[in-house]
Each structure stands twice: as structure tokens, then as C-alpha cells.
Amino acid sequence: MARLFEYQGKEFLKAGGIAIPVGEVASTAQEAHEVAFRIGKPVAVKAQVWVGGRGKAGAVKLANTPEEAEKTSTAILGMELKGFPVRKVLVEEMLNIDKEYYLGIIADGSRESRCPMLMFSTEGGMEIEVVPEDKIFRLKIDYPRGLPFYDALDLASSAGIPNRLLREMAGIISKAVEVFKKRDCNILEINPIILTREGKLVAGDCRMAIDDNSTFRHPEMGITIPREFPWEPTDFDRVGWGIEETDLRGSGFVMRMSLDETSSGYIGFHAIGGGAAMIGMDALSRVGLKPANFADTSGNPVASKIYRVAKVILSQPHIEGYMLAGFMIGNQEQWHHAHALVKALREELPKRPGFPCVLLLAGNKEEESLQILKEGLKGLPGLIEIYGSQHVEDSDFIGKRMLALIKEYKRKRNQRGFYDARV
Ligand code: GDP
Ligand code: MN
């Protein structure tokens with residue numbers, strides 16, 4: 001699910017006729033200072049990340065002056081929220097809050113609904129999960145019809161919105177449904193809709209996610225990879241996505257797991273299947289190693305696709321080893337993996353003499369596959385161990401072998417002359 005930042009979502013709300021606070025996004029504290037100066041009033045500084053609960057985490061702060069905004073931004077830009085580094089802040093005019101409301105629309109695929117489900121509550125500002133059930137008003141949205149203004153009036157009135165605000169609130173609700181449709185959203189949440197002390201209703205926050213299959217219709221969103229990403233995609237991720245995008249034969253999913261390239265213990269991680277990936281990551285973490293990337297080649301991909309994924313994994317300069325985590329008895333013909341790895345490792349290992357590789361692969365055509373690996377990798381300057389179904393349930397063993405090879409690699413790497421074969 002491709003997510004948008006709050007500041008992007010708010011632009012789409014504004015284009016749809018919903019009032020938002022005056023504000024601009026900033027990537028540095030200096031820029032935040034400039035934005036606050038331009039706004040010329042006290043501001044709110046808000047971390048732009050794809051997680052909620054920023055308020056509670058101290059990632060939404062108020063600042064009275066541009067200097068304060070700069071200081072606050074320095075702190076927020078240095079934060080990490082649930083593992084998401086903060087790269088941008090939204091600086092917007094501070095609102096004087098009288099009351100907060102909740103509005104959410106989600107694509108509800110459950111059998112009972114199969115339509116967008118709208119939720120509205122007079123108890124906004126907190127997460128919807130903690131709002132009492134009798135305070136949430138739900139409405140199924142007929143997609144082609146949208147939500148006509150008079151239906152929105154009905155809803156707002158049943159929810160207890162006072163008469164003087166009814167038309168304005170109904171306008172927001174009905175326009176939000178239009179935005180949801182126009183931008184192909186899966187989720188559109190405005191929490192809170194803020195009633196200011198001056199009596200105006202303004203979208204205080206915006207969480208928006210777009211249907212992956214529709215992103216091509218929305219160049220205005222700048223989504224390069226239609227997938228849920230923990231941060232803006234890196235070059236590595238873009239190259240990885242290129243493999244998947246251009247070849248639909250089986251899946252070849254690869255993405256970065258960490259932006260840290262300076263610590264040690266990172267492994268080029270290549271799993272066969274999602275379950276195998278989880279087992280493999282556990283195996284690594286139990287011995288204190290970390291996957292530099294996530295990768296999964298399954299669903300019977302062709303060798304050329306697996307080869308491209310392996311090459312991308314091996315392009316990471318900081319990895320200390322390579323693990324093929326085939327922790328499953330695959331019914332796909334595993335020799336495609338064997339051929340792919342032989343080609344990739346034959347090209348890459350001469351550049352990294354002594355590089356540790358633990359290759360586990362089991363299932364259909366296993367014997368032939370192991371044979372292809374053994375033959376094909378013979379004589380390469382790596383520390384390579386190859387395992388089959390005897391070890392498919394033995395994640396402890398595979399993890400320990402990876403660690404042992406890395407230790408050996410490091411010891412040898414320090415010996416004189418070991419690097420000579422490089423360049
Ligand atoms: P979330 O915690 O990630 O959902 O971030 P929100 O954008 O919803 O902000 C959390 C809370 O911060 C809101 O519910 C408000 O109570 C408060 N807040 C956000 N912007 C302002 C503002 O401009 N003025 C004031 N007084 N409070 C704000
Ligand atoms: Mn919110």
C-alpha cells in the first residue's frame with residue numbers, strides 16, 4: 001500500500017475544497033525557520049513519517065517564533081519513530097483548538113461490506129481504536145454515487161454536530177469522499193478535523209494511502225514504487241523494483257531493510273518464500289547478524305529474474321556475507337535458483353575473495369540443484385557452504401554456519417596479502 005505524507009495528503013484535500021492550515025514542508029531546521037518566518041505567526045512543527053501517534057511521541061510540537069521552530073525542527077529531524085527516520089517536517093500555522101473530530105474512509109474488502117466504509121466521530125484527536133463504539137458513526141459508501149451533501153448532512157446531524165456547523169462539516173465529509181475517489185485511496189483519514197476558537201473547521205492531519213494498482217494513474221503523487229515502504233525508496237530499492245516491474249514470472253521482491261552502512265554484521269539476505277524469509281531472519285538475529293536487505297524469489301521465478309535479484313543483493317558494499325534462506329521444501333523447480341546463483345556468484349565472488357556464502361535450498365529437483373551449485377561454484381575464491389533438505393528445519397545450524405564463516409573471513413581478511421586479488 002503506497003502511503004503519502006501528511007503534507008502531500010493535505011494538498012489533495014485543499015485541491016478538493018477542504019480547508020487546511022497554511023504551511024510548508026521543510027527538510028532542514030534552517031528551512032523550517034524560513035517557513036515559520038513567512039507564516040509570521042506561531043506554528044506547529046510536525047514530523048513527516050508514515051506512522052500515527054506522532055503527538056504522543058513528541059513529534060508534533062508548537063513553536064512561537066521562527067527561532068523556536070528551528071530549534072524544535074532540529075530535535076524532530078533527529079528523531080526516529082517506530083524505526084522510521086524523520087527526514088522532513090511540516091511547519092504550519094498553529095491552530096487554537098476548540099474541539100477535535102474524527103473522519104476516516106477505508107476500503108473495506110470484508111464480505112459484509114465490499115465498499116468504502118466511512119467513519120465519523122465527535123471524539124477526534126485520539127486513535128479511533130480507543131473511541132467508544134457508540135460514538136462512532138459508520139456509513140457504507142456507494143462508490144459510483146459517492147456521498148451526496150444531503151446524506152452527509154444527515155450523518156453529521158445524527159452524530160450531534162451543532163446546527164451552526166452542520167453545513168460546513170457536511171461539506172468536508174462529502175468532499176472527503178470525492179477526494180478518496182479521485183485519488184484512488186485505500187485510506188483517507190482526517191484526524192483531527194479541528195474546530196478553531198474562531199469557529200472554523202480545518203483538516204488538522206491527513207493520513208492517505210493509495211491503491212498500489214492505481215498509482216500509475218497518479219503521476220502527481222510522485223510514487224516511484226507502489227508498495228509500502230518504511231522510508232522513501234533508495235536507489236537500491238528502485239533497481240530492485242525494476243526487476244519486479246518488468247518481469248511478472250514469479251516474484252522477485254527486494255528492498256533495503258536498513259539505511260545503516262557503517263555498522264558491522266549486515267548480511268545480503270535472499271529468501272525463497274515469505275515464511276522462509278521470516279525463519280531466515282530469525283536465524284540471523286539469533287546469532288547477532290542483521291539482514292541488510294529483504295529479498296524473496298518465489299512463485300517459480302525464472303533464473304534470469306533470480307539472478308538479477310542476487311546481483312542487486314551482492315551490490316551492497318557493506319555486507320559481510322550472503323545467505324540463501326530456502327527454509328522450505330519448495331515445489332517450484334529449485335534448479336532455477338541454482339543456475340541463477342552460480343552465474344551471480346561467479347561474477348561477484350572474484351571481486352570479494354573469501355566472501356562467506358551459506359546456501360540452503362530444498363524441494364523439487366533438489367538433488368540436481370545442489371549438484372549444479374557444487375559444480376558451478378567449484379574453485380571460486382569464497383567460503384561457500386551448500387545445504388539441502390537435511391537442514392531445512394535447522395535454522396539454528398544455518399545461522400551458526402553463517403556466523404562461523406564470517407569470523408573466518410574476518411580473520412583471513414586481516415592476513416597480509418589477502419586483499420591482493422581485489423580491485
Ligand atoms: P498524530 O498524533 O500523528 O495523529 O498527529 P496529529 O497531526 O493528529 O497531531 C496530534 C495532536 O496534536 C492533535 O490531535 C492536536 O491536539 C495537536 N495539534 C496538532 N496541530 C496543532 C496545532 O496547530 N495547534 C494545537 N494547539 N494543537 C495541535
Ligand atoms: Mn492525527
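Two strands count as paired if DSSP finds at least two bridges between them. With that in hand, open the model, which is a predicted one.

**Stop 1: the open sheet.** Select strands 2, 7, 3 and 4. These four strands make an open sheet, ordered 2-7-3-4, with antiparallel pairing. Look at the edges: strand 2 (23-26) and strand 4 (60-63) each have a single partner strand, so one side of each has no neighbour in the sheet. On average, neighbouring strands here are turned by 20° against each other, direction ignored.

**Stop 2: inside the sheet.** Keep strand 3 (residues 43-47) and strand 7 (residues 89-93), which run antiparallel and are joined by five bridges. Pick K46 and its bridge partner in strand 7, L90.

**Stop 3: the helix across the sheet.** Add helix 1 (residues 6-15), which lies across strand 2, strand 3 and strand 7. Its direction is at about 45° to strand 7.

**Stop 4: the manganese ion.** Select ligand 2, the manganese ion, whose protein donors are N191 (O) and D205 (OD), 2.2 Å from the ion. N191 belongs to strand 11 (residues 185-196), while D205 sits in the loop between strand 12 (201-203) and strand 13 (207-210); the two are 14 residues apart. Both N191 and D205 are buried.

**Stop 5: a helix pair.** Show helix 9 (residues 335-348) and helix 10 (residues 366-377), whose axes come within 8 Å and cross at roughly 10°. Helix 9 is therefore roughly parallel to helix 10. Residues in the contact include W335, L341 and R346 of helix 9, and E368, I372 and L377 of helix 10. By class, this contact has eight nonpolar, three polar and two charged residues.

Key: Residues numbered from 1 in each chain as written. Chains lettered and ligands numbered in written order. Predicted model: local features only at pLDDT ≥ 70, side-chain atom pairs only at ≥ 80, totals over all residues. Heavy atoms only, no water. Donors = N, O, S within 2.8 Å, 3.2 Å for Na, K, Ca; no water. Buried < 20%, exposed > 50% of the residue type's maximum accessible area, 1.4 Å probe, protein only. Axes fitted to C-alpha atoms, helices over the stretch in contact; angles between N-to-C directions. Parallel < 35°, antiparallel > 145°, perpendicular 65-115°, else oblique. Contact = heavy atoms within 4.5 Å. Nonpolar A, V, L, I, M, F, W, Y, C, P; charged D, E, K, R; others polar.
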